[in-house]
Amino acid sequence: MSTMQWCRYRNDQLLAEDVPLAELAAEFGTPTYVYSKAAILAAYREFALAAEGRRALVCYALKANSNLAVIELLARAGAGFDIVSAGELARVLAAGGDAAKVVFSGVGKSEADIRAALAAGVRCFNVESEPELERINAIAGTTGQRARISLRINPDVDAGTHPYISTGLRENKFGIAHERALAAFELAASLPHLEVQGIDCHIGSQITEIAPFLAALDELLELAGRIEAAGISLSHLDLGGGLGINYQGEQPPSRRDLLAAIFARVAAHPLGRRYELMFEFGRAIVGNAGVLLTRIEYLKSTPVKDFAVVDAAMNDLMRPALYDAWHGVLPVLRRDSAQVIYDVVGPVCESGDWLARNRPLAVQAGDLLAIESAGAYGMTMSSNYNSRPRAAEVLVDGDRALLVRHRETLESLYALERRLPPEA
Ligand code: LLP
């Protein structure tokens, strides 16, 4: 579903599923993230359906949106999870997710992370370096376990995406270089408290073509052949996440077409049929299933520009400031007055605090705006900069709206801090 499939106008009023966004703003205030249950489930189910009848596990990468309600929806639908910290693991468990369907990614797993994951019994560690192999082996030795591992290979594929979110190039910090892969697998196989299970990669994010995924897959299959020839058997291939969404007219392949192309390629390979396939999609599951609802505080004109100053800011949605990212902006009330070109900016004291630039809008001060495609990497990347409480989060389901995260209070901003003792 694109945002426009669940966020539609009726009588010039923008609805989230069947709930007027204006009602959500009145009830929960602004800024508020609003997610569609139907859109999240439809996206996940498209992957699940494409994988039906195959040995495959579609994981959801929690870093995109880690609200407990979102995790629980996907856990109930049968998803696995891709995590990168003990914090994300705690969220999966708190939401009723199954540790046996969790893969643990990340380049810097701490001892505490590894202990927590072993205690929970995660499905697999996606290991990124030789020293990490040694560390997991040592910790598993102390707990009397054999840790299941996969090694992340850096396939040196250009995913053609923003440099900050491209991860499969040689100069990135991620994964193990192709030419060192076999030696790393041999080291892993020699360590007594590890059980080698798979090979994985993740080449980047917001990828809008099928070809880079197939190139990465070919490289994994070629390496898998060499690893098996060295006497190390594998049971799964994990292709990571990275499928892009439509923000501004991009036309990524459908979830179904991407998986169909991957399964076809695997089936055509002599080794391919042996392996279970795993995926770690984040953005393609939740990105277009959320909007950020915000209210215009002021319309401000300068000699060169018009600004709509809104109550959401870069601390709520960092993507524009950080990546120059484009998000659509929809007025919640459609007016027939003339449009003016605005920069939509927040109250934070930085010029980088903008959400959208040069947008034609017919709006008045006090109007509400919906920032589109904010379901992924919105709330999870938010901060308290300028001592701004984090936004509320609401999940809509038909004509019902559930508050799934309270707006932070002012007291919560400094609840962990301490004043000086009297003598200091
Ligand atoms: N697996 C691994 C190992 C990853 O590093 C990532 C994302 C994913 C899966 C999920 O990727 P997705 O399917 O969501 O593309 N903050 C950036 C995106 C950073 C992605 C980092 N890794 C943004 O807002 O565009």
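**View 1. Two domains meet around the ligand.** The shell around the ligand takes at least three residues from each of domain 1 (3-36 + 288-413) and domain 2 (105-281); these bounds come from an automatic or database domain assignment. This is a predicted model, where local features need pLDDT of at least 70 and side-chain atom pairs count only at pLDDT 80 or more, while totals for chains, interfaces and linings use all residues. Numbering runs from 1 along each chain as its sequence is written, and side-chain values use heavy atoms, leaving out hydrogens and water.

**View 2. Who sits around the ligand?** There are 18 residues around the ligand, and Ser205, Glu280, Arg319, Tyr323 and Tyr377 come nearest. "Around" here means having a heavy atom within 4 Å.

**View 3. Polar partners of the ligand.** Look for polar contacts, pairs of N or O atoms within 3.5 Å. One ligand oxygen is 2.6 Å from a side-chain N or O atom of Arg319, and an oxygen of the ligand is 2.9 Å from a polar backbone atom of Gly282. A ligand nitrogen is 3.4 Å from a side-chain N or O atom of Asp82. The protein covers 92% of the 580 Å² of accessible area that the ligand has on its own (Shrake-Rupley method, 1.4 Å probe).

**View 4. Leu194, tucked away.** Leu194 is buried, with a relative accessible area of 2%; buried means under 20%, with a 1.4 Å probe and protein chains only. Beyond neighbours within four places in sequence, Leu194 has contacts (heavy atoms within 4.5 Å) with residues including Leu133, Ile136 and Ala188. Ala140 is 54 residues from Leu194 in sequence, yet their C-alpha atoms are 7.7 Å apart.

Methods:
A polar contact is a pair of N or O atoms within 3.5 Å; within protein, one must be able to donate a hydrogen and the other to accept it, and residues adjacent in sequence count only if both atoms are side-chain atoms. Buried means under 20% relative accessible area, exposed over 50%, partly exposed in between (1.4 Å probe, protein chains only).
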